[in-house]
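Me: I have a structure to go through with you. I want to know what stands behind each term.

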Amino acid sequence: MIGNPLAKVGEASAVVIAILAVMIAVVPNPDKRVERKPPPIRQPQLINEDLHTKTEVLITGGGPVGMITALLLAKQNISSVVIERRFRHGGAPAAHQLNFRSNEILQRDAQVSRDLLRKGATPMNEYRWVKMATSLASPPLAKLDHVGNLNKTIESGITWAEYLNIPQDMTERAILQAVEAEPLVDLRFGHSFANHVEDESGVTTTVALDSGISRWGYHVRSRYIIDATGSKGVIRRRVNMTMSGERGVMNVINLHVRMDLTDVVPEAKDNFRDGGALMTWTFAPDVGGAVAIHHNMSSHSSVQIQHFPSIVSASEFTDNGARIIRSLIGRDDVPFEIEAVDTCVNHSL
Ligand SMILES: Cc1cc2nc3c(=O)[nH]c(=O)nc-3n(C[C@H](O)[C@H](O)[C@H](O)COP(=O)(O)OP(=O)(O)OC[C@H]3O[C@@H](n4cnc5c(N)ncnc54)[C@H](O)[C@@H]3O)c2cc1C
């Protein structure tokens with residue numbers, strides 16, 4: 001962030017910035033222990049003067065943090081333009097756990113619809129028992145009551161919000177609905193940051209159209225610019241703000257897998273009765289600690305493999321991914337399809 005547009009926004013924004021700092025700690029795909037150099041940004045060759053835009057705040061990045069920041073600014077009557085280089089929200093497997101505090105901010109401060117969030121989430125009681133086993137098909141070695149502890153937090157009165165198991169796609173969809181209903185926020189998909197120049201009264205940013213595929217771009221004149229490009233830190237790096245701390249503490253790989261486990265998981269009949277979900281911690285030599293949340297209604301599993309050896313790219317994983325999923329299921333006769341793979345590395349910053 002350059003300048004201090006959030007001075008007016010007060011406490012709620014400070015919380016979002018704190019969340020941003022925590023979120024930045026989860027960085028997809030770095031392959032080294034030092035922050036790798038970002039790829040060069042494509043610069044537009046031609047400027048369309050008709051698209052020249054003036055706004056109080058330009059927010060770069062329309063992920064959860066960019067969209068929530070825009071909603072918080074709007075609450076203080078501050079208009080903003082949000083540029084997002086993707087053509088639509090979602091797409092890759094990412095967050096599943098929406099904790100109490102994030103949920104509070106979404107509902108109370110950013111006015112995101114509770115109904116929509118709950119619609120996209122698996123209710124806690126439906127994945128109450130976490131099964132610990134050597135594979136999904138094997139009998140449980142132990143069962144943990146995942147909900148018991150969470151309920152204690154709610155009962156203690158610290159929070160009124162729920163802890164949701166909701167795919168990031170669905171969370172972003174709910175935030176997007178609030179953004180679309182807010183006239184002070186102008187969210188532009190397929191528009192990407194190209195460069196910026198600061199002067200005493202503000203910032204002039206060049207934005208590339210069609211995510212940089214076309215040669216066209218335009219200028220945005222704003223008083224402030226906010227970097228909400230997540231771990232990419234596109235503007236942060238341009239202004240030479242580096243991240244310090246131990247990098248690569250834990251490599252995690254996330255997958256979306258389509259498979260029907262109804263006749264595979266011994267407890268399926270109980271857990272799936274109402275179309276619920278099953279959460280499993282699996283320990284096998286070649287899986288080495290994996291969490292699988294299986295949503296039976298959609299025959300979809302979200303699998304997160306912890307402590308995976310350092311990965312260069314998600315595509316590299318698909319070479320041996322099938323073998324690992326087979327081992328995770330624990331049976332050879334169950335068809336499955338890996339639909340999406342993403343990696344993330346936790347840093348201690
Ligand atoms: C595999 C995985 C599992 C995770 N699990 C969890 C979890 O269970 N719970 C949890 O709380 N968090 C989890 N996270 C972290 C969570 O996904 C991130 O913290 C969150 O997405 C950060 O939001 P953000 O808006 O800061 O950044 P992002 O979601 O990264 O959004 C940044 C946006 O900026 C856009 N952008 C980038 N460059 C440009 C540009 N030049 N111009 C315009 N736009 C640009 C990107 O397209 C993107 O949409 C997980 C992450 C991963 C990868």
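Me: Why is Ser222 called buried?

Reply: Ser222 has a relative accessible area of 4%. Buried means under 20%, exposed means over 50%, and partly exposed lies in between, with a 1.4 Å probe and protein chains only as cover. Ser222 is therefore buried. One caution: this is a predicted model, where local features need pLDDT of at least 70, side-chain atom pairs count only at pLDDT 80 or more, and totals for chains, interfaces and linings use all residues. Residues are numbered from 1 along each chain as its sequence is written, and side-chain values use heavy atoms, leaving out hydrogens and water.

Me: Where is Ser222, and what does Ser222 touch?

Reply: Ser222 sits in strand E12. Helices (H or I, at least four residues) and strands (E, at least two) are DSSP runs, numbered from the N terminus. Ser222 is in contact with Thr55, Glu56, Val57, Leu58, Gly202 and Val203, leaving aside neighbours within four places in sequence. Contact means heavy atoms within 4.5 Å.

Me: What makes Ser222 and Tyr224 a polar contact?

Reply: A polar atom of the Ser222 side chain lies 2.9 Å from the backbone oxygen of Tyr224. A polar contact is a pair of N or O atoms within 3.5 Å; within protein, one must be able to donate a hydrogen and the other to accept it, and residues adjacent in sequence count only if both atoms are side-chain atoms. The 2.9 Å pair fits that distance limit.

Me: Is Ser135 buried or exposed?

Reply: Ser135 has 8% relative accessibility, so Ser135 counts as buried. Ser135 is in the loop between strand E6 (129-133) and strand E7 (142-145). Among the residues Ser135 touches, beyond four places away in sequence, are Thr282, Leu328 and Gly330.

Me: What makes a group of residues a nonpolar core?

Reply: The members are buried Ala, Val, Leu, Ile, Met, Phe, Trp, Tyr and Cys residues, joined through side-chain atoms within 4.5 Å. The largest core here has 31 residues, and Ile59, Val112, Leu117 and Ile175 touch the most other members. Elements that give two or more residues to this core include strand E3 (53-60), helix H3 (100-109) and strand E12 (216-227). H2 gives the most, with 8 residues. Apart from this core lies another, of 23 residues, including Ile253 and Phe317. In soluble globular proteins, nonpolar side chains tend to be buried together.

Me: Which residues are closest to the ligand?

Reply: The closest are Val65, Glu84, Arg86, Gln168 and Phe193, out of 27 that surround the ligand. A residue is near if one of its heavy atoms lies within 4 Å.

Me: How do you know that Val65 has a polar contact with the ligand?

Reply: A backbone N or O atom of Val65 lies 2.9 Å from a ligand oxygen atom. That is within 3.5 Å, so the pair is a polar contact. Gln97 has a backbone N or O atom 3.1 Å from a ligand nitrogen atom. For Phe193, the distance from a backbone N or O atom to a ligand nitrogen atom is 2.9 Å. The protein covers 84% of the 1,000 Å² of accessible area that the ligand has on its own. Accessible areas come from the Shrake-Rupley method with a 1.4 Å probe; for residues, only the protein chains shown count as cover.

Me: How many residues of the protein count as buried?

Reply: Of the 349 residues, 52% count as buried.
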